[in-house]
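Please open the structure in the viewer and keep the sequence panel visible beside it. The tour proceeds by selection, one stop at a time.

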Amino acid sequence: SLVENLPLTVHAVNDAPRRTGGVLTPVDVDEDSANVTAVTLGLTGLAYAPGPAAASDEAGQTLAYTLTTIPSFVKLFKLDGASEITAGSTVTAAELPGLKYKTVAEANGSGNLVLTITDSGSGTAPQVNTLVENLLLTVHAVNDAPRRTGGVLTPVDVDEDSANATAVTLGMA
């Protein structure tokens, strides 16, 4: 009989990061509802890890968090509510759950806040080192009260019975 050995090698490949905690709950608010004070995006508990839990080759990787797209009708801020974050900016894992937003005055729309999580692994296809997450943000238009666009309201000060016979202008021309 002949016995032969056929070598078989399975190489580890880089896997995309995975979400390990938290949920992405859509934000649905009215226009101008948060123009002054930044409001939480509700990302408390949001956490990520490199690749599958059982993949030991992923364990030493680090993650980078990039806010790839921010809809034009909101502005994003760090937890302090004052440090603005623009599209393409990165945040730390500790900063991510505390992100806040403000609605842009008189702006409305619906779109995704896009977060790209990239691990430090490398390689060629089929290796993947990014996870893209979308958080739907909707700011509804509201009917605004009419506004005066010209003129001045001047108080009228007259004596009793002074305009009983002839109408007098109120000065609103």
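Does E95 count as buried, partly exposed or exposed? E95 counts as partly exposed, because its relative accessibility is 25%; the term covers values between buried (under 20% relative accessible area) and exposed (over 50%), computed with a 1.4 Å probe and protein chains only.

Before continuing, please note that this is a predicted model, in which local features need pLDDT of at least 70 and side-chain atom pairs count only at pLDDT 80 or more, while totals for chains, interfaces and linings use all residues. Residues are numbered from 1 along each chain as its sequence is written, and side-chain values use heavy atoms, with hydrogens and water left out.

**First stop: the salt bridges**

The structure holds 2 salt bridges, a salt bridge being a side-chain nitrogen of Lys or Arg within 4 Å of a carboxyl oxygen of Asp or Glu. Keep E95 selected and add K78: their side chains meet in a salt bridge at 3.1 Å, N to O. E95 lies in the loop between β8 and β9 and K78 in the loop between β6 and β7, so the pair ties together parts that are 17 residues apart in sequence. The strands named here (E, at least two residues), like helices (H or I, at least four), are DSSP runs numbered from the N terminus. K78 has a relative accessible area of 29% and is therefore partly exposed.

Next, select E133 and R19, whose side chains meet in a salt bridge of 2.7 Å, N to O. This pair links distant parts of the chain, with E133 in strand β11 and R19 in strand β1, 114 residues apart. E133 is buried, with a relative accessible area of 10%, whereas R19 is partly exposed at 34% relative accessibility.

Remain in β1, which spans residues 18-21, and select G21. G21 counts as buried because its relative accessibility is 19%. Add E84 and draw a line between the two C-alpha atoms: G21 and E84 are 25 Å apart in space and 63 residues apart in sequence.

**Second stop: the strands**

Strands of a sheet pair through backbone hydrogen bonds, either parallel or antiparallel. Two strands are taken to pair if DSSP finds at least two bridges between them.

Select β3, β9, β6 and β7. These 4 strands form an open sheet in the order β3-β9-β6-β7, with antiparallel pairing. β3 (39-40) and β7 (84-85) stand at the edges, each with a single partner strand, so one side of each has no neighbour in the sheet. Now restrict the selection to β6 (residues 74-77) and β9 (residues 100-103), which pair in the antiparallel sense over 4 bridges. Within this pairing, K75 stands opposite K102 in β9.

Move on to β5, residues 63-69, together with β10, residues 109-119; the two pair in the antiparallel sense over 6 bridges. Which residue of β10 is the bridge partner of A64? The partner is T118. β5 is also joined by 3 bridges to β8 (residues 89-91), and these strands run antiparallel. Select T66 to find its bridge partner in β8, T90.

**Third stop: two backbone angles**

Select D32, in the loop between β2 (27-30) and β3. D32 has a positive phi of about 65 degrees although it is not a glycine. Then select E106, in the loop between β9 and β10. Phi of E106 is near 60 degrees, a positive value in a residue other than glycine. D32 is partly exposed at 25% relative accessibility, and E106 is partly exposed with a relative accessible area of 48%.

**Fourth stop: the surface patches**

Patches are made of residues with over 30% relative accessible area and no salt bridge, where like charges are joined within 9 Å and nonpolar side chains (Val, Leu, Ile, Met, Phe, Trp, Tyr) within 5 Å.

Select D157, D159, E160 and D161, which gather in a patch of negative charge on the surface. D161 is in the segment after β11 (130-140) and is exposed, with a relative accessible area of 54%.

Finally, select L153, V156, V158, L170 and M172. They form a nonpolar patch on the surface, with about 540 Å² of accessible area together. L170 is in the segment after β11 and counts as exposed at 53% relative accessibility.

Conventions
Areas by Shrake-Rupley, 256 points an atom, 1.4 Å probe, with all protein chains shown as cover. Lys, Arg positive; Asp, Glu negative; His and termini not counted. Charge placed at Lys NZ, Arg CZ, Asp CG, Glu CD.
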